[in-house]
Amino acid sequence: MRDLVKWGVVAVVATGVCSSAGTASAAEPIKIGAFLSATGPASFLGEPEKKTLEMYVEKVNKAGGVLGRKIELVVYDDGGAGDKASTFTKRLIESDKVDLLIGGSTTGTTMAAVPLVERAQLPFISLAGGVNIVEPVKKWVFKTPHTDRMAAEKVFADMKKKGFTKVALISEDAGFGKSGHDQSLMVVKNYGIEIVADEVYSPKDPDVTAQLTKIKNSPGVQAVFNFGFGQGPAIVTKNFKQLGMGVPLFQSHGVASKDYIKLAGDATDGVRLPAAGLVVPEQLAATDPQKPVVSAFKKEYETAFKSDVSTFAGHAYDGLQIALAAIARAGSVDKEKVRDEIEKTSGYVGTGGMVSMTPTDHMGLSLSAFHMVEIRKGEWVLSD
Amino acid sequence: MFAAFLQYLFSGLTSGAIYALAGLGFAIIYNASHVINFAQGEFIMIGGMASATLVAAGVPMPLAITLAMIISMAVGVALEKFAIEPARNADVVTIIIITIGASIFMRGAAQIIWDKEFHSLPAFSGEIPIAVLGATLMPQSLWVFGVAAVVIVALWWFFNRTMFGKAMLATSHNRLAAQLVGVGVKKVLLASFALSALLGAVGGIVVTPITFTNYEAGIMLGLKGFSAAVLGGLGNGGGAIVGGLIVGIAEALASGYLSSAYKDAIAFVIILFVLFFMPNGLFGKRGTDRV
Amino acid sequence: MNFKTARTGGLALLAIVIAAAPIGFSNSYYYDVGVNAMFNAIVCVGLNLLIGYAGQISLGHAGFFALGAYGSALMTTNYGIPPIGAMVLSAAVVGLLAFLVGRPILKLKGHYLAMATLGIGIIIHIVLKTESKITGGPDGMSVDNFSLLGVTVMGDRMWYWVAGGLLVLTVWLALNLIDSPVGRALRAVHGSEVGAEVVGVDTSSYKVLVFVVSAMFASVVGSLFAHKNGFITPDIGSFFHSVELVTMVVLGGMASVFGALIGAVILTLLPQVLAAVEQYEAMILGAIMMGTMIFMPKGLLPSIVASLKRRGAGK
């Protein structure tokens, strides 16, 4: 809490200093706009993203900025609502006249902004998972997180390896879980796996034993896959243990934060999920290029905020780094040039994996960016 | 088959008891003042958040729980004193907006005082499920049932056997007449808010080991509690309990036998149907319209 | 000042304000906020007929708004129906739905009515969220531009004038409706339903009529909003949006057309202003809502008018 206030003050002071410094010297600050879901149902994503952006912009400015210019960050909270995201995007483009846009914690808020940035021709890096953000490719839109489709593919590949052919799906009916559910149904056939039960819960349901009982009574279920984030998966996990389901439980990357283990306690023992290297930095092979990057980020984040790092914070970190690197390479904030440079991002090692974008791939992550992780005694254990 | 049904029933009872506790708070304030307090869910949130963060900070559980109840009651009293009391003679809708404003304010304050993360409390009696005829039940669910039962008995005793409780009931029937026979209406209003805030906190504390809590946890609980109170008949404590259980069980059976995607919708359809035929809820008093 | 002159004066003032406001707009973001404010104002003027004049609360109007939006989005994208046709058809469907549910629901009183309308709004929201094959689910769907007779309404400036024109028209319609026999019957319903019935007013028909009219207002604005935004998510039909609409009406002033309008404008602008203090946004918003209602229980406009009148009488 005190850190929040501290960072808030720092951010305010930093913006003030930046703008006054900007007018004093000839160099105008580079303006980066962000709209994030810092409150509302997706604050689980937006809050760490916001903290990360503020912390690293501050850090970059202390080191002299980019192209000798300071960075000015303008953040708005869309509360997870698409219509608010749309208005704030307009505000960032028209009123704040930002040079580059980061944000959209959720697929819904991102998609609400897409037509606006395409019209305004502004480079835009989304922090949301939905595959439709970059498929089909939109000229000005990029994204940093793995798609929900990749998470599903990683899980189904792991299930196939273990010889499971009949599995049950239980997902949350809000944005993240719903699109994960739809993507899962789309790719599951490629792995010779059949979904024999398909249940849904609301993010704030106090109890999901009814849905799990239905799954338990569906004949032939060999494993269960839960797609959601926030307290939902923790309740699913607890209820799962309570019912003694007797089959393995798989989660999505939505639970790749220590909070999940804290909430669900020892019921998480044996749960498998796809996650970025960020959650297991010390277990990565010494030769893994990601190892130093994620170790440093995890340390910096956790020292600054006294809370466990999540992959969502990592998405914001990657987005900012990719953006700043592109601006540096472009040598200006010329929108067309910056866009081209983002698209040329190649071999950037981030918290999510190795990013190499192309004109047809505006995310640039491969399935190898995901690791399968198993939870044992409250700790993440790399288990590819 | 029966084991599955029993499991659905347990699931419904667990959710239902939580909704019922939330609904009771609505009923008490409505009884004393004919106000619907849309900030009732926030009392629940405060109880859960305060106790969870205090326990996490190393405060022993019994002390944390007591403190959480006191904090919540203080907030309830402040709400009545500074927001409801000055607007006592305003329209029903005006007071609804005040309480909605209060709920937004409390959520905003909670995210600053605490944080936006989820918090949990350790279960009171461990986490080993109890097996009953092939179905299972968590010990914490029994705590919720038990607390709900104790609360009902305590409320019954308070309203029927104590002078002050009777005075509160009298005020709900006829404010002017109560005032004429010397009942301090202001005091009654204040007490009703303190009582329902206390109740909210108790609810928040016993359900946090099951559902976890964060600064927005009160929204859903408030909504379900309001539904429970209206379904049971406003101002009727027993009605709120029955209403909550019906909503919880309907949701669980709907996800078990029909569609989990539409379970919330099915619960609302049931409420609508009941209201079509019983416009004052299941146990509500018939309202008379004064000319 | 009698009612007629107040009405013409108010309408003229509204038109002038709408026409003059863009002087202070430095870019299209301001126009965008202006359009949103006026869209909300149109819904609220309609909703106020129900809440302020007929005395019936609805916590489900965002559902009708969302149905209009999705109706237009689906009909124009999937069936190639022209936007104006889709808007009218959606409004007709919403009107019919409101009529069907209105009859049994409006027999309920007070909080029971609030509960029932809340339930209907939530059911609509759940359907929009769940049927993702049709609606795109929680991630939303995109909507084409609005065009009529070969003219495409595009950009915030153009939308501003369209919304402004519609707002003036809506206010004019509402004022006339209130001044008509229907309006007088409504006020009788609000005063005392039994009393109104005794003097021969068919109260339930009037209540249903206003319910249907206000739902159709919401639906039409929902359609326009969908085209203007180009992208919609089921959140526009959420319970929060319904509460927001009611708050606008009550804060601005129930039973006052201009009050509802002012409430809508203020509550649309407020989050934009408060975005600067981000962390404290919710607390300040909540405090403003409580403060206004405690000190001006009749709403902003009626309370200000009353205090001006008192001051005038004192002189």
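In the predicted model, strand 1 of chain A pairs with strand 3 (residues 100-103) of chain A through 4 bridges, and the two strands run parallel. Within this pairing, Ile32(A) stands opposite Leu100(A) of strand 3. Strand 1 of chain A is also joined to strand 2 (residues 71-77) of chain A, again in parallel, by 7 bridges, and here Ile32(A) faces Leu73(A) of strand 2. The connection between strand 1 and strand 2 of chain A passes through helix 2 (residues 43-62) of chain A, forming a β-α-β crossover that is right-handed.

The surroundings of strand 1 of chain A were examined next. In a regular strand, side chains alternate between the two faces of the sheet. On one side of strand 1 of chain A lie Ile30(A), Ile32(A), Ala34(A) and Leu36(A), and on the other Lys31(A), Gly33(A) and Phe35(A); these residues are all buried, and both faces of the strand are thus covered. Because 7 of the 7 residues of strand 1 (residues 30-36) of chain A are buried, the strand is largely enclosed by the rest of the structure.

The contact between the two chains takes 25 residues from chain A and 28 residues from chain B. On the side of chain B that touches chain A, the elements giving two or more residues are helix 1 (2-33), helix 8 (185-211) and helix 10 (237-258) of chain B, and helix 1 of chain B gives the most, with 8 residues. By residue class, the side of chain B that touches chain A comprises 13 nonpolar, 11 polar and 4 charged residues.

Technical notes:
Residues are numbered from 1 along each chain as its sequence is written. Chains are lettered from A and ligands numbered from 1 in the order in which they are written. This is a predicted model: local features need pLDDT of at least 70, side-chain atom pairs count only at pLDDT 80 or more; totals for chains, interfaces and linings use all residues. A residue is buried if 20 or more other C-beta atoms lie within 10 Å of its own, exposed if 12 or fewer, and partly exposed in between; C-beta atoms are placed from the backbone. Two strands pair if DSSP finds at least two bridges between them. A crossover is right-handed if, with the strands pointing away from the viewer, the path from the first strand over the helix to the second runs clockwise. Two residues are in contact if their C-beta atoms, placed from the backbone, lie within 7 Å. Ala, Val, Leu, Ile, Met, Phe, Trp, Tyr, Cys and Pro count as nonpolar, Asp, Glu, Lys and Arg as charged, and the others, Gly among them, as polar.
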